[in-house]
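Thank you for making time for this today. I would like to walk you slowly through one model, and I will try to keep to what can be read from its coordinates.

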Amino acid sequence: MHVGLNLLFLVPGESGGMEVAARALLPALADAAPGARFTAFVNREAAGEDWGAGIGSVVIPVNATNRIEWVRGEQALLPSAAQRAGCDLVHSLGSTAPARGHFKRVVTIHDVIHRRFPEAHGGIRALGMRALVPLAARRSHRIVADSRATADDLVELLHVRRDKIDVVPLAAAPPRVAPTPQAQLRARLQLGDRELLLTASAKRRHKNLMRLLEAHALLERRPLLVLPGYHTDHEAELQARAAKLRITDDVRFLGWVADADMEGLYAAARAFVFPSLYEGFGLPVLEAMQRGVPVACSGRSALAEVGGDAALLFDAEDPRAIADAVRSILCDDALAERLRTQGRAQAARFSWGASARGCLDVYGRVLGSPVA
């Protein structure tokens, strides 16, 4: 059985959670089905990447940083390449998928943020998502959703039949590198010796960082709020808001940080807070839990599923509620320890092996025979 994996969306270092999920899932698929053949279809930027033992690759000659080229590659070039490779099925891992091809088609739709928060994507990307995600939903034989919340959104907003959707949760990737030593990390990032409150996301409006800043200003015991994640135009607004709230010295806006530095931040954090208004899954919450960091997060969309009883859930639109949740962790050592213990247990319920087996079950339903 030959399964193609559509990774044309993946520009190394620019794909966020979708990249993290794809890099973890591929080797897990190969481990779970040693008798199957897997081929990753990638763009020029990802050529030469190691996708794991047992995963071959084919380069589609497009520059995926150019959205028009990416769409051309996915819709015009990928179908013929997959046919030449002899793929029985192509699983598209980035919410869009080829609309045709002489092979079965499965797509993972991570979220429908283009419908819930249209401002999250701008320009050509926004137009493309509004057209391409529904097209993928219609033309694929089955759809994989990361959470029940996303499955519900697909039914409500894209009018997908519920019996066409399979929910296959993601998992937290274990640390791949040792954390940067604390003294070195604090000196280089100018963190001083203060206790740290950590969040992790792109600086995009639906991530709700503006309300997080407002909540931070309400804290009497104010740790240093650290915000790693790639830069966007919204960051200037966030910095201006921090200045207006007079908390500039209590906030560090970092760009994209290396894995070792991120592990160092998790190791140093007193608590992790995630106020997002919308997530298809919420990998940062699970990653923080896996590393034993107490978590306070929004109860919106899939976050309640991921956090369960192991996170303090708050109303993401109420800065006082965010502040109350953070304050509780900072001031109640027993609560913080309980969240650490329950968080590790909650994270352990999710594994990439289970995610891979869930995907293989989907392939088997589409192909009419098990993939093993």
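What follows goes through two sheets, then the helices that pack on them, and finally a few single residues.

Before anything else, please keep in mind that this is a predicted model.

Let me begin with the sheet that contains β1. It is an open sheet of seven strands, paired in the parallel sense, and the order across it reads β3-β2-β1-β4-β5-β6-β7. Which strands stand at the edges? They are β3, residues 55-59, and β7, residues 165-167, and because each has a single partner strand, one side of each is left without a neighbour in the sheet. From one strand to its neighbour the average turn is 25 degrees, with direction ignored. If we look at the β3 end of this order, strand β2, residues 37-42, pairs with β3 in the parallel sense over five bridges, and within that pairing A40 of β2 has S57 of β3 opposite it.

Two helices can be placed against this sheet. Helix α1, residues 16-32, packs on it and touches β1 (2-6), β2 and β3, with a direction that makes about 160 degrees with that of β2. Helix α2 packs on the sheet as well, touching β1, β2 and β4 (89-92), and its direction makes about 155 degrees with that of β2.

I would like to stay with α2 for a moment, since it carries a glutamine with some polar contacts. Q75 lies in this helix, which spans residues 67-85. Is Q75 buried or exposed? It counts as buried, because its relative accessible area is 18% and the cut-off for that label is under 20%. Its side chain reaches two backbone atoms, namely the oxygen of A97 at 2.8 Å and the nitrogen of A99 at 3.0 Å. If we set aside the neighbours within four places in sequence, the residues in contact with Q75 are A97, P98, A99, R100, L132 and L135.

Returning to α1, we find that this helix also meets another helix, α14, which covers residues 352-367; the two axes come within 8 Å and cross at roughly 70 degrees. That crossing makes α1 roughly perpendicular to α14, because angles from 65 to 115 degrees are given that description. On the α1 side the contact is made by A21, A24, L25, A28, L29 and A32, and on the α14 side by W352, G353, S355, A356, R357, C359, L360 and Y363. Sorted by character, the residues of this contact comprise 11 nonpolar, two polar and one charged.

Now to the other sheet. This one is open too, with six strands in parallel pairing, and its order is β10-β9-β8-β11-β12-β13. Its edge strands, β10 (251-253) and β13 (312-314), each pair on one side only, and the twist from one strand to the next averages 25 degrees. Helix α13, residues 333-348, packs on this sheet, where it touches β11 (269-274), β12 (295-298) and β13, and its direction makes about 70 degrees with that of β11.

The individual pairings can be followed along the order. Strand β9, residues 224-227, runs parallel to β10 and is joined to it by three bridges, with V251 in β10 as the bridge partner of L225. Strand β8, residues 196-198, pairs with β11 in the parallel sense, again over three bridges, and here L197 stands opposite A271. On to β12: three bridges join β11 to this parallel strand, and V273 has A296 opposite it. As for how covered β11 is, six of its six residues are buried.

Let me close with two shorter points. Q182 is placed in helix α6, residues 182-189, and it is partly exposed, with a relative accessible area of 29%. Although Q182 and L265 are 83 residues apart in sequence, their C-alpha atoms are 8.4 Å apart in space. Beyond the neighbours within four places in sequence, Q182 is in contact with G264, A267 and A268.

The other point concerns helix α5, residues 148-158, in which A149, T150, A151, D153, L154, L157 and L158 are buried. Just after this helix, H159 takes a positive phi of about 60 degrees.

Definitions and conventions: Residues numbered from 1 in each chain as written. Predicted model: local features only at pLDDT ≥ 70, side-chain atom pairs only at ≥ 80, totals over all residues. Heavy atoms only, no water. Pairing = 2+ DSSP bridges. Helix = DSSP H or I, 4+ residues; strand = E, 2+ residues; numbered from the N terminus. Axes fitted to C-alpha atoms, helices over the stretch in contact; angles between N-to-C directions. Contact = heavy atoms within 4.5 Å. Buried < 20%, exposed > 50% of the residue type's maximum accessible area, 1.4 Å probe, protein only. Polar contact = N/O pair within 3.5 Å; in protein donor to acceptor, adjacent residues only side chain to side chain. Parallel < 35°, antiparallel > 145°, perpendicular 65-115°, else oblique. Nonpolar A, V, L, I, M, F, W, Y, C, P; charged D, E, K, R; others polar.
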